[in-house]
Amino acid sequence: MTEGPAPIEQQRVLKTAIPGPRSNELHQRKLSAVSAGVSTGLPVYVERAAGGILVDVDGNQLIDFGSGIAVTTVGNSAPRVVEQVRAQVADFTHSCFMVTPYEEYLAVCEALNELTPGTGQKRSALFNSGAEAVENAVKVARTFTGRQAVVAFDHAYHGRTNLTMALTAKNMPYKHRFGPFANEIYRVPMAYPFRWPTGPSRCADEAFEQFVSQVHAQVGEDNTAAVLLEPIQGEGGFIVPAPGFVRRVADWCAEHGILFIADEIQTGFCRTGDWFACEFEDVVPDLVTTAKGIAGGLPLSGLTGRAEVMDSVHGGGLGGTYGGNPVACAAALGSIETMRAENLNARAKQIEALFVPRLQQLAAKYEQIGDVRGRGAMLAVELIAGAGDLTPNSALTGKVNAYCHSQGLVTLTAGTYGNVLRFLPPLAISDELLSEGLDIVEHAFAAAL
Ligand code: PLZ
């Protein structure tokens, strides 16, 4: 094997202001070369990364609480991913699975069929991005049911392509001026405990009643191909549905011949402490979309479902030039092997156990932290105006986020109202970096309030 670069010390190092001069220089180039439509949350240009550390072009070492939006679950350039990708890239880079297939694609589909919830016969298909997996889930659901309508939820995020923009709830920045959108998409309320008008204890029942009555009255069960749900909503603000809600929706779908599609693109692959977040409620979806964590940073997505559903599509109906690219498949095999060998589900639960008490202490101190929520290594705080006033506090969220960045901690925000600070550390991060990162978050609140 060729010798790699020196290992990255797992510690935060600040050599310059964040961003530093070299990053600023590159950012000037970005402004003149890259469309203004593509923005960056923290214009620190990355040179290398491993474990829980990103090294920038100025030699700063930042703690990573974002994993490139829940992608590098196994850590950046994780050893097994690097090894598999190196070997594959030297063997062949592309043949197109639709033309002359290869074994790596099969191995990833077999792993998906095995790991996703449900014990029956399953089939999978591979694509490039999360949005593409969601689009294909809708195609399959429409073919199988012979129906057209798709029901999605408030606060949902499913992508930026035309069909997935229609499925995504939030206008800015995802949909603004990009219409018209695909039709036959219907939106229903989400069981969002923190903001449920009659309080969290009534949330599951009332949200379920509203879901049923709206689908019945406004769409019609017999017209509905699928209900699409993120088992924990990601971009929408790490909203954990009220307990029992997901299960009841899935059961109701089954009673009416409607397919239940779980979008596990952000929640899947050990992120929440299970292979898939649906497992928490013992829900077996008809179709599951996966991406992000599946391939340790290479672009790959999957659609998995019951064999009779997935096989209902005519030959040639699903595909794409690059879908299931062999190098991306090799990366996925390396990632999945890492997740198994290092028991990353257990690690996600440890991270939750380390994080949640710290976040709760912080919430006890600051009335602007209205809610602490999430599961595994998918955790967040929702910021509000103050005790009893749930007005979203996006200004404070922005301040805290910016402070964290200035101290070399990569944090992300989320939420329909931009008032959620979310934490998505790689599962390969050390406890020391986690607690140092949390110290910075604490200082950020102290500085902002
Ligand atoms: N479904 C649940 O979280 C991607 C998007 C960030 P793609 N989320 C991050 C942004 O601003 O573009 C996502 C997701 C869920 C689908 C997607 C879409 O996945 O790989 O970005 O297409």
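Before I start, one definition: helices and strands here are DSSP runs, numbered from the N terminus, with at least four residues for a helix and at least two for a strand. With that, a first location: Pro 173 sits in the loop between α6 (162-167) and β6 (185-188). And a reminder that this is a predicted model.

Stay with Pro 173 for a moment. What kind of peptide bond joins Met 172 and Pro 173? The bond is cis, with omega at about 0 degrees. Ile 18 and Pro 19 are also joined by a cis peptide bond, and there omega is about -5 degrees. Pro 19 lies in the segment before α1 (21-33).

Next, backbone angles. His 155 is not a glycine, yet its phi is positive, about 70 degrees. Look for His 155 in the loop between β5 (149-153) and α6. Is His 155 buried or exposed? His 155 has a relative accessible area of 12%, so it counts as buried; the cut-off for buried is under 20%.

Asn 343 is another residue other than glycine with a positive phi, near 45 degrees. Asn 343 belongs to the loop between α10 and α11 (344-365). Its relative accessible area is 45%, so Asn 343 is partly exposed.

Now the helices. Start with α4, residues 103-115. How far apart are the end C-alpha atoms of α4? They are 18 Å apart, and 13 residues at 1.5 Å each should span 18 Å, so the two agree. The buried residues of α4 are Tyr 105, Val 108, Cys 109, Ala 111, Leu 112, Asn 113 and Leu 115. What do those buried residues pack against? Three strands and a helix are on the list: β4 (122-127), β9 (287-290), β10 (301-306) and α10.

Take that helix, α10, residues 326-341. The axes of α4 and α10 are 8 Å apart, and the packing angle is about 40 degrees. That makes the two helices oblique to each other. Their crossing is left-handed. On the α4 side, the contact residues are Glu 104, Tyr 105, Ala 107, Val 108, Ala 111, Glu 114 and Leu 115. On the α10 side, they are Pro 326, Cys 329, Ala 332, Leu 333, Ile 336 and Arg 340. By class, this contact has 10 nonpolar residues, three charged and no polar.

Helix α10 also meets α3, residues 79-91. Here the axes come within 8 Å and cross at roughly 155 degrees. Why call the pair roughly antiparallel? Angles over 145 degrees count as roughly antiparallel, and therefore α3 and α10 do. The crossing is right-handed. From α3 the contact uses Arg 80, Val 81, Gln 84, Val 85, Gln 88 and Val 89. From α10 it uses a list of residues including Pro 326, Val 327, Leu 333, Glu 337 and Ala 341. The classes are nine nonpolar, five polar and two charged.

So Pro 326 and Leu 333 of α10 appear in the contact with α4, and Pro 326 and Leu 333 appear in the contact with α3 as well.

Moving on to α5, residues 130-145. Its 16 residues should span 22 Å at 1.5 Å a residue, and the end C-alpha atoms are 23 Å apart, which agrees. Buried residues in α5 include Gly 130, Ala 133, Val 134, Asn 136, Val 140 and Thr 145. Right after α5 comes Gly 146, with a positive phi near 70 degrees.

Last pair: α7, residues 203-219, and α8. Their axes come within 9 Å and cross at roughly 25 degrees. The two helices are therefore roughly parallel. The crossing is right-handed. From α7, Ala 204, Asp 205, Ala 207, Phe 208, Phe 211, Val 212 and Val 215 take part. From α8, Phe 245, Arg 248, Val 249 and Trp 252 do. That contact has nine nonpolar residues, two charged and no polar.

Let me finish on Phe 245, in helix α8 (residues 245-255). Phe 245 has 0% relative accessibility, so it counts as buried. Which residues does Phe 245 touch, leaving out those up to four places away in sequence? They are Phe 153, Pro 189, Met 190, Ala 191, Ala 204, Ala 207, Phe 208 and Glu 281. For distance, take Ser 430, 185 residues from Phe 245 along the chain: the C-alpha atoms of the two are separated by 34 Å.

Notes. Residues are numbered from 1 along each chain as its sequence is written. This is a predicted model: local features need pLDDT of at least 70, side-chain atom pairs count only at pLDDT 80 or more; totals for chains, interfaces and linings use all residues. Side-chain values use heavy atoms; hydrogens and water are left out. Axes are lines fitted to C-alpha atoms, for helices over the stretch in contact, and angles run from 0 to 180 degrees between N-to-C directions. Angles under 35 degrees count as roughly parallel, over 145 as roughly antiparallel, 65 to 115 as roughly perpendicular and the rest as oblique. A crossing is left-handed if the near helix is turned anticlockwise from the far one by less than a right angle, and right-handed if clockwise. Contact means heavy atoms within 4.5 Å. Ala, Val, Leu, Ile, Met, Phe, Trp, Tyr, Cys and Pro count as nonpolar, Asp, Glu, Lys and Arg as charged, and the others, Gly among them, as polar. Buried means under 20% relative accessible area, exposed over 50%, partly exposed in between (1.4 Å probe, protein chains only). The expected span of a helix is 1.5 Å times one less than its number of residues.
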